[in-house]
Amino acid sequence: MTKSETKYRICPICEATCGLTIETNGRTVGDIRGNDEDVFSHGFICPKGVALRELDADPDRLRTPLVRRSGELIEASWEEAFAEIEKRITPIIAKHGRESVATYLGNPSAHKVALQLYIPVFLKALASKNLYSASTLDQMPKQVSNGLMYGNFLTCAVPDIDRSDLLVIMGANPMASNGSLWTVPDFRGRIKAMQKRGGRLVVIDPRRSQTAKLADQHIAIRPGTDAYLLAAMANTMFAENLVNVGELGSRINGLDDVEKAVEKYSPELVAEITQVSPETIKQLARDVAATDASAVYGRIGTCTQEFGTLSSWLTDVVNILAGSLDRPGGVMFPKAPALQANSTGTPGSGRGTRIGRWQSRVRGASEILGELPAVCLAEEIETPGDQQIRALFTIAGNPILSAPNGERISRAFGTLDFMVSIDIYLNETTRHADVILPGTSPLEESHFDIGFHQFAIRNAARFSPALFSLDDGRPGEWETLLRLAAIVSGQDVSAADMDEQIIRGRIKSLTQKEGSPIFERDESEIFESLTGTGPDRQIDLALRVGPYGDGFGTDPDSLTLKKLIDTPNGIDYGPLEPRMPEALRTPSGKIEMAPPEILSDLPRLDDALVRTVPTSFLLIGRRDVRTNNSWLHNLPLLAKGPFKCTMQIHPDDADRLGLEDGAMASVKGKSGAVEVVTERTPDIMPGVISIPHGFGHNQQGANLRVASERPGVNSNLLADDSVIDPLSGNAILNGIPVSVSAA
Ligand SMILES: Nc1nc2c(c(=O)[nH]1)N[C@H]1C(S)=C(S)[C@@H](COP(=O)(O)OP(=O)(O)OC[C@H]3O[C@@H](n4cnc5c(=O)[nH]c(N)nc54)[C@H](O)[C@@H]3O)O[C@H]1N2
Ligand SMILES: Nc1nc2c(c(=O)[nH]1)N[C@H]1C(S)=C(S)[C@@H](COP(=O)(O)OP(=O)(O)OC[C@H]3O[C@@H](n4cnc5c(=O)[nH]c(N)nc54)[C@H](O)[C@@H]3O)O[C@H]1N2
Ligand code: SF4
Ligand SMILES: [Mo]
């Protein structure tokens with residue numbers, strides 16, 4: 001008989017990274033609760049954390065590889081699956097070259113340490129420029145503006161919410177999403193605390209979201225026009241002498257260029273296009289400037305739109321002008337315990353960020369941070385010629401639902417010579433694969449957040465060992481990736497040997513690097529003292545050479561993986577601290593407030609100002625606390641309750657179109673159309689409709705039994721894959737022109 005045990009685990013679903021306690025009995029998962037003792041999340045949990053139990057037990061979750069034989073996906077052993085991949089991919093690479101093989105990376109690859117650490121190994125082995133990811137359906141605009149302003153794309157200023165007096169949230173709904181590029185468990189509790197100390201929350205959103213309902217002020221804005229509003233706020237600050245960059249003054253390049261750039265964007269000029277009154281904009285600018293403890297934060301609604309990079313940049317511009325950047329209560333730069341580019345190397349300057357180093361073959365879209373826009377994937381498969389994509393790896397991604405024009409992507413995938421997916425479901429995307437290699441349950445591998453501590457509201461370190469071991473010789477996802485790396489690079493090497501080569505290579509470069517905590521130390525001594533293998537060993541090395549690390553003995557009280565394993569509630573390193581100029585990695589050693597690349601995009605803003613306003617509707621998305629993009633709809637706990645995939649529309653618009661609550665509406669976009677259930681609500685602006693993404697689970701060949709009971713529609717069939725935010729290559733998923741009628 002097995003006995004029940006309590007285990008600790010960081011939730012890997014969203015960016016809030018909540019600490020959980022999980023009751024287990026043998027291989028069975030019992031109750032899941034928020035861990036009150038967790039130093040970072042203090043017991044917060046949402047329904048998705050509770051549903052990890054159902055995810056782990058989901059009978060539809062893949063546990064055995066599937067290989068296509070005579071047109072059908074059938075179960076196969078791991079060795080058969082790897083052999084099939086080797087047999088099929090090797091001749092494609094030999095005949096058509098490496099660029100003929102593409103990779104698409106999805107969102108969970110940022111949430112699982114095994115994927116984060118070993119995808120780069122696979123990509124290096126594949127050596128193809130045809131790399132696509134969910135980043136260009138999401139945060140790429142912010143990464144571009146971060147990179148150009150601060151020298152590294154992950155140097156991201158986050159609101160120091162626990163000390164703010166004024167928080168302005170644009171295009172984000174952390175009440176549903178639990179925060180993004182901002183790791184902030186219990187957002188609601190923190191806002192309540194802020195309001196109790198006299199602070200205010202302002203939400204700028206075309207929809208009165210749950211976050212807007214919590215706010216002291218909601219400003220409804222026309223979708224896609226945030227850059228105008230932010231430029232007008234900056235304009236007001238210059239015009240009314242409210243600019244106060246404070247101590248940062250000597251560390252900034254380009255303040256005058258910014259003043260010139262926003263000169264024409266008076267609140268009066270932008271009032272019509274934003275549908276926000278000049279007085280509201282001016283007052284907001286004054287409020288933000290009146291305190292150093294103000295923070296302006298923008299997310300999905302400001303990134304996945306026509307002016308994504310301009311909006312992302314202007315958000316930081318406004319924070320700098322208000323004197324809030326790098327100040328307690330303003331927006332600050334976290335210091336993560338491991339693998340943060342802005343706390344390694346020489347403090348205060350670096351190589352900076354370059355974009356546009358190569359172009360996509362078909363439409364000539366610019367490279368961004370080593371990848372190409374996700375909206376280019378289908379055309380690169382369809383269009384004949386040298387370097388046409390003939391084979392594809394998808395890793396933890398579902399572009400057929402998540403990217404614009406999924407029908408076209410689906411058709412394109414159907415024409416591939418070969419496709420491999422590493423995924424946990426047979427879903428809309430993976431049903432096209434010739435081989436599916438199952439990922440693990442999140443409870444079967446250890447967990448450490450590399451990315452999210454870099455966006456966190458406090459500095460902390462936490463690690464969770466695997467709850468369950470992998471049985472029957474099933475590989476961890478890192479081992480799967482190493483096997484694939486060996487296959488695509490034509491090497492006959494085991495995953496274990498490859499892993500040892502990798503860690504020894506890391507140690508070597510650190511011991512040879514001046515300024516590294518282990519400069520000139522003995523390589524084998526370092527290697528021998530590391531804990532574990534695979535991702536764990538890499539984390540141990542990274543923690544120990546990191547900002548809180550023990551440097552391999554020089555400071556024995558400091559951080560090691562062993563110490564974190566012995567501290568299941570994590571270690572708190574306190575509130576965020578000012579990091580300027582130390583965190584900068586720009587060549588100039590200054591904050592580049594007016595990067596020429598970004599200024600060169602301003603004429604587009606000018607042009608659109610005089611564009612005729614369409615009389616049709618603008619489509620936006622939304623999230624619900626019980627969803628996570630396209631892939632948690634198969635869990636009963638999350639799928640139950642009121643149907644989520646409805647079209648929200650203002651009652652005045654609905655009356656005009658004769659749409660009753662629950663009636664079917666027909667919505668048409670440039671590349672497709674859907675029929676969707678009407679939900680009348682005064683919470684949405686007239687002229688705007690909202691349909692959530694990630695639905696449309698009625699595609700043949702997928703196996704999502706719960707999700708397909710109420711499939712909903714794929715709102716991204718309405719999105720246009722021919723347009724992007726040019727600097728970031730990001731898709732435009734909000735502010736999409738559509739027409740609506742009764743079906
Ligand atoms: N209209 C509209 N479209 C959007 C958005 C929007 O707001 N509106 N949001 C965009 C955003 S922010 C994002 S991030 C993208 C997401 O785009 P994608 O990442 O392409 O899509 P997801 O739905 O997150 O799909 C995740 C996939 O990973 C698989 N998976 C889950 N866990 C694991 C695991 O542990 N291992 C492996 N190997 N696989 C796993 C799931 O089965 C699923 O196939 O969608 C974007 N699309
Ligand atoms: N429950 C849940 N949590 C999630 C996810 C999920 O699917 N479900 N997905 C995760 C992922 S991958 C991400 S990236 C994050 C995203 O997290 P958030 O950035 O918080 O995203 P949303 O919740 O979609 O909120 C976007 C808001 O922008 C508004 N909006 C749309 N267009 C515009 C516009 O043009 N201007 C302005 N100002 N507002 C606009 C919408 O009405 C909506 O309220 O959430 C993560 N967390
Ligand atoms: S908010 Fe929910 S999904 Fe996100 S980490 Fe916490 S428990 Fe997990
Ligand atoms: Mo995302």
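**Two ligands, three domains: worked exercises**

In this predicted model, α16 (399–402) and β16 (418–423) each supply at least two residues of the shell around ligand 1. Let's start from there.

**Exercise 1.** Work out which domains ligand 1 lies between.

*Solution.* Begin with the shell itself: 29 residues surround ligand 1, and the closest are Tyr104, Asn107, Asp423, Asn427 and Ser630. Next, bring in the domain bounds: the protein chain splits into domain 1 (66–139 + 353–442), domain 2 (160–333 + 580–599) and domain 3 (614–742). Domain 1 and domain 3 both give residues to this shell, so ligand 1 lies between them.

**Exercise 2.** Find polar partners of ligand 1, then say how much of its area the protein buries.

*Solution.* Take the oxygen side of things: one oxygen atom of ligand 1 is 2.8 Å from an N or O atom in the side chain of Lys112. Now the nitrogens. A polar backbone atom of Ser402 is 2.8 Å from a nitrogen atom of ligand 1, and a polar side-chain atom of Asn716 lies 2.8 Å from a nitrogen atom of the ligand. As for cover, ligand 1 taken alone exposes 920 Å², and the protein buries 97% of that. By residue class, the shell around ligand 1 has 12 nonpolar, 12 polar and 5 charged members.

**Exercise 3.** Describe how domain 1 and domain 3 meet.

*Solution.* Start with the separation: their C-alpha centres lie 26 Å apart. Then count contacts: 29 residues of domain 1 touch 31 residues of domain 3. Between them the two domains bury about 2400 Å², 53% of it on carbon and sulfur atoms. Who does the work on the domain 1 side? Leu401, Asn405 and Tyr425 supply 25% of the area that domain 1 buries against domain 3, more than any other three residues.

**Exercise 4.** Do the same job for ligand 2: shell, contacts, cover and location.

*Solution.* Shell first: 30 residues surround ligand 2, with Ser177, Asp205, Asp226, Thr627 and Asn629 the closest. They sort into 10 nonpolar, 12 polar and 8 charged. For contacts, an oxygen atom of ligand 2 is 2.7 Å from a polar backbone atom of Gly224, and a polar side-chain atom of Arg623 lies 2.8 Å from an oxygen atom of ligand 2. Cover comes next: alone, ligand 2 exposes 920 Å², of which the protein buries 98%. The elements giving two or more residues to its shell are α6 (174–177) and α13 (300–303), and α6 provides the largest share, 3 residues. Finally, location: domain 2 and domain 3 both give residues to the shell, so ligand 2 lies between them.

Key
Residues numbered from 1 in each chain as written. Chains lettered and ligands numbered in written order. Predicted model: local features only at pLDDT ≥ 70, side-chain atom pairs only at ≥ 80, totals over all residues. Heavy atoms only, no water. Near = heavy atom within 4 Å. Polar contact = N/O pair within 3.5 Å; in protein donor to acceptor, adjacent residues only side chain to side chain. Areas by Shrake-Rupley, 256 points an atom, 1.4 Å probe, with all protein chains shown as cover. Helix = DSSP H or I, 4+ residues; strand = E, 2+ residues; numbered from the N terminus. Nonpolar A, V, L, I, M, F, W, Y, C, P; charged D, E, K, R; others polar. Domains from an automatic or database assignment. Contact = heavy atoms within 4.5 Å. Buried area = accessible area lost by both parts, 1.4 Å probe.
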